[in-house]
Amino acid sequence: MHIESGKTYIDRVRVTSDDPDILSVKLRLGMLLSTLRLHPARLPPSAIICVRRLGDPLPGSLRLGGIAVHPPPAWEQAVMTSLDHLVTLAARPALGPVPPGAPAVLFADRAELLACLGSDWMAGAIRARWWWHALLRAEVLERPVPAAWIEAPQYIPAALVHLAASRRAVGFARALSAADARALVRAVARAFVLPDLVGVLEAARGAAGRAVQAPPGPDATGASVANVSQAPWAALMPQTDLGDLHLEGQLLLGLGLMLQRAPSAVRAPSFASVVEQWWRARRDSPRFRAAATAAPPARLARPRRELHRTDDTLGEAPAGSSGPADASRRDRRWTTFGHPTARRLPSRSELPVVERAGQSGSASVDAHELQDDAEERAAPLPTALPMRGHAVVPTLSPDRPSQRPQSGEAPGNADETPLYDAQIETALGGVFYLINLALFLDLYHDFMYPSERGIGLAIWDFLALMGEQLVEASSRSDPIWSLLASLAGRDEHAPPGGEWEPPDRWELPSAWLAPFAAGGAWRWSTAEDRLRVQHPEQFLVLDLPLEPGDPRPQLRRATAPYASHGVFQLEQASLPTATDGETPLARWIGWLAPYVRARLRLALGAEHDEDVGRIVCAHRALVLVTATHLDVVLSLSELPIAIRLAGLDRDPGWVPAAGRFVKFHFE
C-alpha cells in the first residue's frame, strides 16, 4: 500500500446493501469515506492510533444511493464521537500489557511504536499482537525491526531511549546482527547529518581485517588502552557491561542516547575522531577479540537471560516486566522566501488555554485505522515502507474545541503519562518561523546535503538569540525562552550559545545579496584594525582583520566575489565599531541581525519604519513538544498575509539540527 502523509487508512469495510451492483456500491462508499474527517481531537499531531473495529454509529443513516458527495452531518458527527471515545479507551503498549479486549492501541509517536515493536520482537510476540498485523505488511512480519526502524531513522534515538528506560536497550542491540546495527547507525548518521561519522563507520569496516597498532602501554592485557577505549557515551550508561556486544551495537546504543541527551556533543567536530579512536582500541583489545571468536549467542528462540541489575540502566529487563516506559535546498523560485500554493484551512480566532495533561487509550472500527506524523515526507526512505498506513491527527480540532483537554483535565486514565513532553502557550509563536529563515540561509543543512555541516550553534539557541534581537524587552518573560533553553539543553538562566565559538571574521555569503537591488554606494572603514564594508541597506558585508599596509588591495580582493551582483561604488566613511567588552558571540549576532532585519523587511514588503520583529514573532500559539516533534498551533485568522506570501509559515518538516519534525498548524 502506498502511504501518504496526513491521511487515515481503512483496512477493511463491511457493507450491507440491497444494491446488486457491487462495484457501484464500492465507488460510492469510497467517495463518501474520502470526504470523512477521521481525526480524533484529543490526540497530539505525532500520535498513532490503531483501531480494531468501529461499528456504524447510526445504522441506516448512510445512504449509498443518489448523488450525495458527503456523508450526512449527523452520521459524520456520530463517527467522530465514537472515535473520540475509542481514544479514551485505547491501551498504551508502552505502559504495560494490552488487555485482551482492548479495541485500540495508542502510541505517543513513531518512536514509541518502534520501541514497542522492538520489545515484542525480542520476546517473539509479533504475530500474537493484532495491531502489528494491521501496521506491518505480511512480508516483513518475519524481520520487522530492521525494516521498520531503518525506514524511520529520525525516530531511532528516541526509540532507544524508550527501550533503555525499560532496561531492554542492550538486549535489543544484542538481538540485532552486526550488519543490521551498522545499517541503522548509517541511517541515523545520515538523517541527523553526521557525515564524518558515516566516514568513520565505513573506514572502520574496511579496516576490520587489518591489524591496527594499539596505543603504547605497560602490558598487553588491554588495560593500557583504557583512556583511548573510553566511549564518548560512557557517562550515559554507567555500570553497563557491553563487552560481548558487537561494536556496531555499542555504537548504535551510544549514538542514539547521545543524540537524545547530549546532541551538541555529537555535533562537535571532534566527536567522529573520538569514536574512531574508541572503535580501533576496542576492536584490538584482547577481551573483544576473545568475544568476537566465541560462538554467537542464539537470538529470540532462547529464554531471556537475566542480566538485570539495579545499577544497570540499559541491561535486559527481568522476566514479566512491562513494556518500554514512557519516559532540498530552499525553492529558488521564491521571490522573497518563497511560498507554494496557499493552504485553505478553516479559520478560528481564539486559541484555548490548555494545560499539560495526560492522555490514555483503547477503541473499536470495522477497520484498522492508523495515524502518524505528517512530516515523514521530509526524508527519502532507504527501504520500502513496511508500515501499512498512517495519518496525521490534529491535536486541536478547529470545529470542536469543547473536546480538547482543558485545564486540569486528563483524558482517559489519570495514571497514564502525557503524550507530549512539554506544552506552553506563548505570545511569540512566530519565533519558530525563524527556523525557515535559518534553513533558507543555509545556516543549517538537511539530509539533502549530508556533506555540509552548517554552523555549530544549537538551532534553539539561534532562535533565542535572534528572537531577542527582534522582540521588545517587555516580552522576555514569555515562556518561550524557557522552552528554547530546555530544548537546547541548558539552564534557562544560562545565556544561549555560550558553548559555541563563532568565527572572528564576517564575509557575507554572496548568494545572500541576490534579493537586494544592485548598485549603490558601499561604505568602508579601517577603524580598530578591521576592514569593514557596509551595504546600502545598513548591514555589514565584510568585517575582517586588517592586513598591514595599504588597505585598498585587500578591499578589492575581499569585495571581488560580490561583483556578480552588479556594479557598486566603494566610499570610505566612518562606520560603527565594536563596543568595549563585546563578546565574540555578541559580535557575530551584531553582524547577522541587521541583515536578518533587512531580509525580513524585503520578504514582507515592509517599510523601513515598520517593526518586522513584531510582524514575524508576535503571534499567539500553543506549542506541543515530544522527543521527536515540535508542533506550533496558531490562529489562521491572525496570520498576516505577508507571512504567508514570504513562505515563513511553510512546514520545515524534519530538521536534523533540531532533531525533530517541526510543523505549523493553523486553525
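The following exchange examines helix packing, burial, aromatic pairs and backbone angles in a predicted model.

Student: At roughly what angle do the axes of helix H15 and helix H18 cross?
Tutor: Helix H15 covers residues 459-470 and helix H18 covers residues 584-604. Their axes come within 10 Å of each other, and H15 passes H18 in a right-handed crossing. The crossing angle is roughly 65°.

Student: How many residues of the contact of H15 with H18 are nonpolar, polar and charged?
Tutor: H15 contributes Phe462, Leu465, Met466, Gln469 and Leu470. From H18 come Leu585, Trp588, Ile589, Leu592, Ala593, Val596, Arg597 and Leu600. Gln counts as polar and Arg as charged, because the charged class holds Asp, Glu, Lys and Arg. The contact divides into 11 nonpolar, 1 polar and 1 charged.

Student: Is isoleucine 156 buried or exposed?
Tutor: Isoleucine 156 belongs to helix H6, residues 156-165. Beyond its neighbours within four places in sequence, isoleucine 156 is in contact with Trp149, Leu184, Val188 and Leu252. Its relative accessible area is 1%, and the limit for burial is under 20%. Isoleucine 156 is therefore buried.

Student: What separates the C-alpha atoms of isoleucine 156 and leucine 257?
Tutor: Along the chain, isoleucine 156 and leucine 257 are 101 residues apart. In space, their C-alpha atoms are separated by 9.6 Å.

Student: Which kind of pair do the rings of tryptophan 130 and tryptophan 131 form, stacked or edge-to-face?
Tutor: Tryptophan 130 is buried at a relative accessible area of 14%, and tryptophan 131 is buried at 5%. Their ring centres are 5.6 Å apart and their planes stand at 85°. Planes over 60 degrees apart count as edge-to-face. The pair is therefore edge-to-face.

Student: Why is the pair of tryptophan 654 and phenylalanine 661 classed as it is?
Tutor: Tryptophan 654 counts as buried at 3% relative accessibility, as does phenylalanine 661 at 1%. The ring centres lie 5.1 Å apart, with the planes at 55°. Stacked planes are under 30 degrees apart and edge-to-face planes over 60, so the remaining pairs are tilted. The class of this pair is tilted.

Student: Which residues do ring pairs link into a cluster?
Tutor: The structure holds 21 aromatic pairs. Ring pairs link one cluster made of Trp506, Trp512, Phe516, Phe539, Trp591 and Tyr595.

Student: Over the face of which residue does arginine 644 lie?
Tutor: The CZ atom of Arg must be within 6 Å of a ring centre for the charge to sit over the ring. Arginine 644 is at 5.7 Å from the ring centre of its partner. That partner is phenylalanine 666.

Student: Is leucine 645 buried or exposed?
Tutor: Leucine 645 is in helix H20, residues 641-646. Its C-alpha atom is 7.7 Å from that of leucine 604, which is 41 residues apart in sequence. A relative accessibility of 58% is to be compared with the limit of over 50% for exposure. Leucine 645 therefore counts as exposed.

Student: What is the phi of valine 193?
Tutor: Most residues other than glycine have a negative phi. Valine 193 lies in the loop between helix H8 and helix H9, and counts as buried at 7% relative accessibility. Although valine 193 is not a glycine, its phi is positive, at about 55°.

Student: Where is glutamate 528, which has a positive phi of about 55°, found?
Tutor: Glutamate 528 is not a glycine. With a relative accessible area of 47%, glutamate 528 is partly exposed. Glutamate 528 is found in the loop between strand S6 (521-525) and strand S7 (530-534).

Notes. Residues are numbered from 1 along each chain as its sequence is written. This is a predicted model: local features need pLDDT of at least 70, side-chain atom pairs count only at pLDDT 80 or more; totals for chains, interfaces and linings use all residues. Side-chain values use heavy atoms; hydrogens and water are left out. Axes are lines fitted to C-alpha atoms, for helices over the stretch in contact, and angles run from 0 to 180 degrees between N-to-C directions. Helices (H or I, at least four residues) and strands (E, at least two) are DSSP runs, numbered from the N terminus. A crossing is left-handed if the near helix is turned anticlockwise from the far one by less than a right angle, and right-handed if clockwise. Contact means heavy atoms within 4.5 Å. Buried means under 20% relative accessible area, exposed over 50%, partly exposed in between (1.4 Å probe, protein chains only). Rings of Phe, Tyr and Trp (its six-membered ring) pair if their centres lie within 6.5 Å; planes under 30 degrees apart count as stacked, over 60 as edge-to-face and the rest as tilted. A charge sits over a ring if NZ of Lys or CZ of Arg is within 6 Å of the ring centre and within 35 degrees of the ring normal.
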